[in-house]
Amino acid sequence: MPIAHNYLRTTVRPAHIVANYKLLCGFGGHVLAVVKADAYGHGLIETAGALAEAGCDAFAIGSVAEGAALRDAGSKAAIVSLLGPVLTEDDLLALEKDVIPFVHDFGQLERLAAVAARRGKKAKVSLKFDTGMARLGFTEADVPRLLSRLSGLPSIEPVMVSSHLATADDPTAFDYVSSQGARFARICQALRHGGLTFEASLCNSAGILAHAADYGFEARRAGIALYGVNPFQGTDREHLGQGLLPAMETVTRIVSVHDLPRGASISYGRTFIAERDMRVAIVAAGYADAYSRGLSNKGFLCLSGRRVPILGRVCMQLTAVDVSGLEPAPGDVIHLLGGEGPGAVTADELALWWETIPYEVFCLFGLNQREYL
Ligand SMILES: *Cc1c(COP(=O)(O)O)cnc(C)c1O
């Protein structure tokens with residue numbers, strides 16, 4: 001359910017997501033499009049639909065239920081659930097909707113095997129290994145026990161073996177990628193030696209762009225780069241993510257424009273005092289619209305191609321900006337994300353002011369009503 005009855009509109013360009021997908025496919029391997037969390041706020045069905053039309057045959061989603069939603073929308077692609085079954089009802093749903101869950105422990109494996117056996121079906125799974133995130137997954141030490149248990153579970157079909165990189169986007173921590181990559185390679189080798197056949201998958205977006213030559217393996221999971229963010233923006237490896245196109249913009253409307261004389265304060269708590277006579281616009285966006293209060297006195301919007309700074313606290317549904325020298329009118333469009341010319345606000349910049357990452361900006365702005373170009 002999008003945030004209702006407000007003035008924010010998030011515009012998504014599926015053609016740019018498709019162009020980014022093609023760019024990432026250029027690094028080789030089998031690219032799974034990560035469309036979890038409603039395609040990072042870009043819309044699951046619309047995004048997956050555009051990618052499928054462009055030839056994408058595999059998607060990674062979050063919960064099993066999200067995968068089921070994609071299947072129910074008519075997708076014929078392979079669908080992998082990164083979260084895997086959390087509740088027992090997820091086991092049956094994965095089986096019925098042909099969703100391949102990440103499986104990270106023996107308990108999940110036993111439950112899924114029992115459900116599949118009872119229905120005379122095979123449950124495809126992606127075995128998830130912890131190689132350094134310390135979040136979820138079997139460990140390297142589990143391999144012998146895992147192989148022996150799998151040999152007694154004919155209703156389980158491991159089609160993928162996966163792990164996740166902790167530092168792929170940090171050029172100062174590429175050593176850690178190497179240690180994870182080496183451990184993952186050993187795990188895959190031991191599993192193959194034990195008779196399993198599968199696609200191995202380690203890389204996320206940053207992994208594809210920076211590490212595919214060494215640790216690409218067969219399948220790669222592309223998320224943030226699909227949505228136009230260069231994971232190396234602002235680092236000495238920025239060139240690795242060249243050519244990615246942003247796919248989301250968010251606008252709202254100006255409610256009112258008025259003067260703020262020198263010495264006057266604006267908004268709650270009087271955290272901003274005008275040092276000169278100013279012209280301010282009151283904008284219809286606030287934290288109820290997923291526009292963070294953390295942007296108070298820090299963020300910028302883009303009005304007619306120009307950067308306009310936020311003045312004082314961001315309120316629940318209103319924010320004040322300095323529009324001195326401009327003469328906007330109530331009802332005019334103003335960009336929270338994107339915009340025309342050099343004043344356009346990028347997801348990276350917004351995330352910096354917001355003290356977060358572009359992933360969160362997209363997930364939150366995607367909660368607003370969306371339009372597609
Ligand atoms: C979200 C996610 C990805 C995609 O990561 P990006 O950095 O967005 O490319 C890949 N693998 C797993 C397990 C994930 O949860």
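**Cysteines.** Start by selecting the cysteines of this predicted model. How many disulfides does the count come to? The count comes to 0 disulfides. To see one reason, pick C363 and look for the closest cysteine sulfur, which belongs to C56. The two sulfurs are 19 Å apart, too far for a bond, because a disulfide needs the pair within 2.5 Å. While C363 is selected, turn on a surface: this cysteine is partly exposed, with a relative accessible area of 29%. Then hop to C315, which counts as buried at 16% relative accessibility.

**The whole chain.** Now zoom out until the full protein chain is in view. Its C-alpha atoms fill a box of roughly 80 × 40 × 40 Å along the principal axes. A cartoon display will show you 11 helices and 18 strands. Of the 373 residues, 51% count as buried. If you draw contacts between residues with a separation of 6 or more, 65% of them join residues 24 or more positions apart.

Next, colour by domain. The domain assignment gives residues 13-241 as domain 1 and residues 248-345 as domain 2. Place a marker at the centre of each domain, taken over C-alpha atoms, and 41 Å separate the two.

**The ligand.** Select the ligand and show its surroundings as sticks. Which residues are around it? They are V34, K36, Y40, L82, H164, N204, S205, R221, G223, I224 and Y359. Three of these names are worth a click for their polar atoms.

- Y359: an N or O atom in its side chain is 2.6 Å from an oxygen atom of the ligand.
- I224: here a backbone N or O atom is the partner, and it lies 2.7 Å from a ligand oxygen.
- N204: a side-chain N or O atom is 3.3 Å from an oxygen atom of the ligand.

**Helix α5.** Stay with the cartoon and select residues 88-96, which make up helix α5. Which of its residues are buried? They are D90, D91, A94 and L95. Look down the helix axis and you will find that these residues cover an arc of only 135°, so they sit on the same side of α5. To see what covers them, add neighbouring elements one by one, including α4 (64-72), β5 (99-103), α6 (106-118) and β6 (123-128). Just past the helix, click D98, which follows α5 and has a positive phi, near 55°.

**Two loops with positive phi.** D98 leads on to a theme for the next stops. Most residues other than glycine have a negative phi. F217 is not a glycine, yet its phi is positive, about 50°. You will find F217 in the loop between α9 (205-215) and β9 (219-222). Is F217 buried or partly exposed? With a relative accessible area of 23%, F217 is partly exposed.

Then go to A290, another residue other than glycine with a positive phi, near 70°. A290 lies in the loop between β13 (278-283) and β14 (300-303). At 11% relative accessibility, A290 counts as buried.

**T250.** Move to strand β10 (residues 248-260) and pick T250 within it. The relative accessible area of T250 is 0%, so this threonine is buried. What is T250 in contact with, leaving aside its neighbours within four places in sequence? Select L8, R9 and T10, then I334, H335, L336 and L337, and finally F365 to complete the set.

**S324.** Now find the loop between β16 (319-322) and β17 (333-337), where S324 lies. Show its contacts, not counting residues up to four places away in sequence: S324 touches R276, D277, M278, R279 and R306. For a distance to try in the viewer, join the C-alpha atoms of S324 and S265: they are 16 Å apart in space and 59 residues apart in sequence.

**The last strand on the tour.** Finish at E371, in strand β18 (residues 369-372). E371 counts as partly exposed, at 40% relative accessibility. Which residues does E371 touch, not counting those up to four places away in sequence? Select R9, T10, T11 and V12 to see them. Of these, V12 is 359 residues away from E371 in sequence, while their C-alpha atoms are 6.2 Å apart. Keep R9 and T10 on screen for a moment: you have already met both as contacts of T250.

Note on methods. Residues are numbered from 1 along each chain as its sequence is written. Side-chain values use heavy atoms; hydrogens and water are left out. Buried means under 20% relative accessible area, exposed over 50%, partly exposed in between (1.4 Å probe, protein chains only). Helices (H or I, at least four residues) and strands (E, at least two) are DSSP runs, numbered from the N terminus. The arc is that of the directions from the helix axis to the C-beta atoms. Contact means heavy atoms within 4.5 Å. Domain bounds come from an automatic or database domain assignment. A residue is near a molecule or strand if one of its heavy atoms lies within 4 Å of it. A polar contact is a pair of N or O atoms within 3.5 Å; within protein, one must be able to donate a hydrogen and the other to accept it, and residues adjacent in sequence count only if both atoms are side-chain atoms.
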